[in-house]
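Here is a set of exercises to work through at your own pace. Have a look at the structure first, then try each task before reading its solution.

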Amino acid sequence: MPSVPSMTPVTVVLVPPARLERWVANFSDRHGPTTLSVEGGALAGTAQDGSTFRAALPLEQQHGGPAEVVALAAAAVAAVPDDWGVLLVRKGGFAVARLAGTTVVASKVGQRHVQGRTKAGGQSQQRFARRRDNQARAAYEAAADHAAGLLGDLAGPLVVGGDRGAVEEVLADARLARLAVVGTRLPVPDPRRAVLEQAVADALSVRVEVVNADG
C-alpha cells in the first residue's frame, strides 16, 4: 500500500475479530473492489476508488499469514496471551485487570477525589493547587499499589489507557518497572467497571487505520 502523506486524514476504528469480515465487506461496498496484501505484519487493503485501510493485530502482534480477512481474524483470536493486563488511570480514578486469554482473573476499580481548578488568585490559588497536587499524588499512589499487587509478576504485555501524565506517574513506580507496555494508549473516561470492560474489548480488537480517497 502506498505511503500516506502526513496531512492525509486517518480514521482509526477498533473492530472485534468476529466483525472484521463484515467490516471489510462494507468497506468494499462503499469504495469498490478491494485488493488485499500483507505489509509490515498487517493486512492492507486498497479499494478501486483509492481508499485504503491497514488492519493490525492486537497487542502489537505481527500477521505472517495469507492476505485474507478470515486469516487475520483467526490470528487476532490466537494472538491473545495467557497472561496479560490492562491499566487505566485518570486523576479521578483507576482500573486494573489481569487476564488469562479473554477471561478477567482479577481486577480492581477505584475512585479518588481530586478537586477541579479554581478561579481564585494569590495565596488561595497556590494553596488550592498544592492541595490538588497532593490529592492527585495520593490517587496515583493508590493506583500503583493495586497495580503492583495485581500485575507485579505479570508475564505478558500490558495495555494502558487514560491521561498520559497519570499513566506515566503510576508506571514510574519501581514495582512496575518490568512491565512491557504495548499498543496505543486507549482514550477512556474516568475508569469505572463498564469502562474497564470496554477497554479490554478494545485491547483485543483489530486496529484499522482508514484513509478515504475523498479525504
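## Exercise 1: a histidine and its partners

His31 has its place in helix 1; helices (H or I, at least four residues) and strands (E, at least two) are DSSP runs, numbered from the N terminus. Before starting, note that this is a predicted model, in which local features need pLDDT of at least 70 and side-chain atom pairs count only at pLDDT 80 or more, while totals for chains, interfaces and linings use all residues. Residues are numbered from 1 along each chain as its sequence is written, and side-chain values use heavy atoms, with hydrogens and water left out.

Task: Is His31 buried or exposed, and which residues does His31 touch?

Solution. Step one is accessibility: His31 counts as buried because its relative accessibility is 13% (buried means under 20% relative accessible area, exposed over 50%, partly exposed in between, with a 1.4 Å probe and protein chains only).

Step two is contacts, meaning heavy atoms within 4.5 Å. Not counting residues up to four places away in sequence, His31 touches Ala47, Gln48, Asp49, Ser51 and Asn212.

Step three is polar contacts (a pair of N or O atoms within 3.5 Å; within protein, one must be able to donate a hydrogen and the other to accept it, and residues adjacent in sequence count only if both atoms are side-chain atoms). The His31 side chain makes one with the side chain of Asp49 at 2.9 Å and one with the side chain of Ser51 at 3.1 Å.

## Exercise 2: the sheet under helix 1

Task: In what order do the strands of the antiparallel sheet lie, and which strands does helix 1 touch?

Solution. Start with the order: five strands form an open antiparallel sheet, arranged 1-10-4-3-2 (two strands pair if DSSP finds at least two bridges between them). Its edges are strand 1 (11-15) and strand 2 (34-39), each pairing on one side only.

Next, add the helix. Helix 1 (residues 20-31) packs on this sheet and touches strand 1, strand 2, strand 3 (42-47), strand 4 (52-56) and strand 10.

Finally, zoom in on one pair: strand 1 and strand 10 (residues 206-211) are joined antiparallel over five bridges, with Leu14 opposite Arg207.

## Exercise 3: the mixed sheet and helix 5

Task: Which strands are at the edges of the mixed sheet, and what does Ala199 contact?

Solution. First, the mixed sheet is open and has five strands in the order 7-6-5-8-9. Strand 7 (103-111) and strand 9 (180-181) are the edge strands. Eight bridges join strand 6 (residues 93-100) to strand 7 in antiparallel fashion, and Arg98 stands opposite Ala106.

Then comes Ala199, which sits in helix 5 and counts as buried because its relative accessibility is 1%. Leaving aside neighbours within four places in sequence, Ala199 contacts Val86, Leu88 and Leu186.

## Exercise 4: one face of a helix

Task: Which residues of helix 4 are buried, and where do they fall around its axis?

Solution. List the residues first: Ala166, Val167 and Val170 are the buried ones in helix 4. Now look down the helix axis: these residues fall within an arc of 100°, so they line one face of helix 4. The arc is that of the directions from the helix axis to the C-beta atoms.

Methods: Axes are lines fitted to C-alpha atoms, for helices over the stretch in contact, and angles run from 0 to 180 degrees between N-to-C directions.
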